[in-house]
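Thank you all for making time this morning. I would like to walk you through one structure, slowly enough that anyone who has not seen it before can follow along on the screen.

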Amino acid sequence: MLILSGTITVAPEDVARITDAAIEMMEATRAEPGCLEYEFAEVIGAPGTIRVFERWATHEALEDHFAAPHMAVWQEALGGATVRARDLCTYEGIDAINKL
């Protein structure tokens, strides 16, 4: 299992502009094969900071996600915002919950 976690920081006034695209991105991505979890959430107390959390079954599923049409739409929406920072990390994980 792969875990992606981090933040994307945009100008606070741009959050409303990208919200619909973020919702569409989450919905489309959650329907992808191999997507176990996919979330965006605005960080309380840090205007413009969006927490990103993803879990993928395989490396291949994640690679396919990067090539998905809705990824291009999301990138276009972000292109219309002032992106101040991106900090995303990938981790290898085990599915310990399902093994209990």
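I will begin with the overall fold, then turn to the two largest pockets, and finish with a few individual residues.

Please keep in mind throughout that what you see is a predicted model. The protein has three helices and four strands, and if you trace the chain from its start you meet them in the order β-α-β-β-α-α-β. As for overall dimensions, the C-alpha atoms occupy a box of roughly 45 × 30 × 20 Å when it is laid along the principal axes. For 100 residues, a compact globule would be expected to have a radius of gyration near 13 Å, and the 14 Å found for this protein agrees with that. Of the 100 residues, 37% are buried. If we take the contacts between residues at least 6 apart in sequence, 70% of them join residues that are at least 24 apart.

Let me now move to the pockets.

What is the volume of the largest pocket? It comes to about 190 Å³. Its lining is made up of 15 residues, and those that lie nearest the centre are Glu54, Phe66, Met71, Gln75 and Leu88. Many parts of the chain take part here, since at least two lining residues come from each of β1 (2-10), β2 (35-42), β3 (49-56), α2 (59-66), α3 (69-79) and β4 (83-92). The largest share, four residues, is supplied by α3. In terms of chemical class, this lining consists of 11 nonpolar, two polar and two charged residues.

The second largest pocket holds about 150 Å³ of space. Its lining residues include Val15, Ile18, Thr19, Ala22, Ile23 and Met26, together with Phe40, Ala41, Glu42 and Ile50. Two elements, α1 (15-30) and β2, each give two or more residues to this lining, and α1 gives the most, with six. Sorted by class, the lining of this second pocket has eight nonpolar residues, one polar and one charged.

With the pockets in place, I would like to look at some single residues, beginning with one that we have already met.

Glu54, which is among the residues nearest the centre of the largest pocket, sits in strand β3. Is Glu54 buried or exposed? Its relative accessibility is 6%, and because anything under 20% is classed as buried, Glu54 counts as buried. Its side chain makes a polar contact of 2.8 Å with the side chain of Trp56. Setting aside neighbours within four places in sequence, Glu54 is in contact with Leu2, Ile3, Leu4, Glu37, Tyr38, Leu62 and His65. You may also wish to find Phe40, which is 14 residues from Glu54 along the sequence and 8.9 Å from it in space, C-alpha to C-alpha.

Two of the contact partners of Glu54 deserve a closer look, namely His65 and Glu37.

His65 belongs to helix α2, and with a relative accessible area of 0% it is buried. Which side chain forms a polar contact with that of His65? The partner is Glu32, at 2.8 Å. Beyond its neighbours within four places in sequence, His65 is in contact with Met25, Thr29, Glu32, Tyr38, Glu54, Trp56, His70 and Met71.

Glu37, for its part, is found in strand β2, and at 28% relative accessibility it counts as partly exposed. Not counting residues up to four places away in sequence, Glu37 touches Phe53, Glu54 and Arg55. Its C-alpha atom is separated by 7.1 Å from that of Trp56, although the two residues are 19 apart along the chain.

Two further residues will complete the tour.

Asp14 lies in the loop between β1 and α1, and this loop residue is buried, with a relative accessible area of 3%. Apart from neighbours within four places in sequence, Asp14 is in contact with Ala81 and Thr82.

Ala28, finally, is located in helix α1 and is partly exposed, with a relative accessible area of 26%. If you compare its position with that of Gly48, you will find the two 20 residues apart in sequence and 23 Å apart in space, again from C-alpha to C-alpha.

That is the end of the walk-through, and I am happy to go back to any part of it.

Key. Residues are numbered from 1 along each chain as its sequence is written. This is a predicted model: local features need pLDDT of at least 70, side-chain atom pairs count only at pLDDT 80 or more; totals for chains, interfaces and linings use all residues. Side-chain values use heavy atoms; hydrogens and water are left out. On a 1 Å grid over the protein atoms alone, a cavity is a set of points where a 1.4 Å probe fits but cannot get out, and a pocket is an open set with protein on both sides within 12 Å along at least five of seven lines; lining residues have an atom within 4 Å of a point. Grid points are joined across faces, edges and corners, and a volume is the space filled by probe spheres set on the points. Ala, Val, Leu, Ile, Met, Phe, Trp, Tyr, Cys and Pro count as nonpolar, Asp, Glu, Lys and Arg as charged, and the others, Gly among them, as polar. Buried means under 20% relative accessible area, exposed over 50%, partly exposed in between (1.4 Å probe, protein chains only). A polar contact is a pair of N or O atoms within 3.5 Å; within protein, one must be able to donate a hydrogen and the other to accept it, and residues adjacent in sequence count only if both atoms are side-chain atoms. Contact means heavy atoms within 4.5 Å. The radius of gyration is taken over C-alpha atoms; the globule rule is 2.2 Å times the number of residues to the power 0.38.
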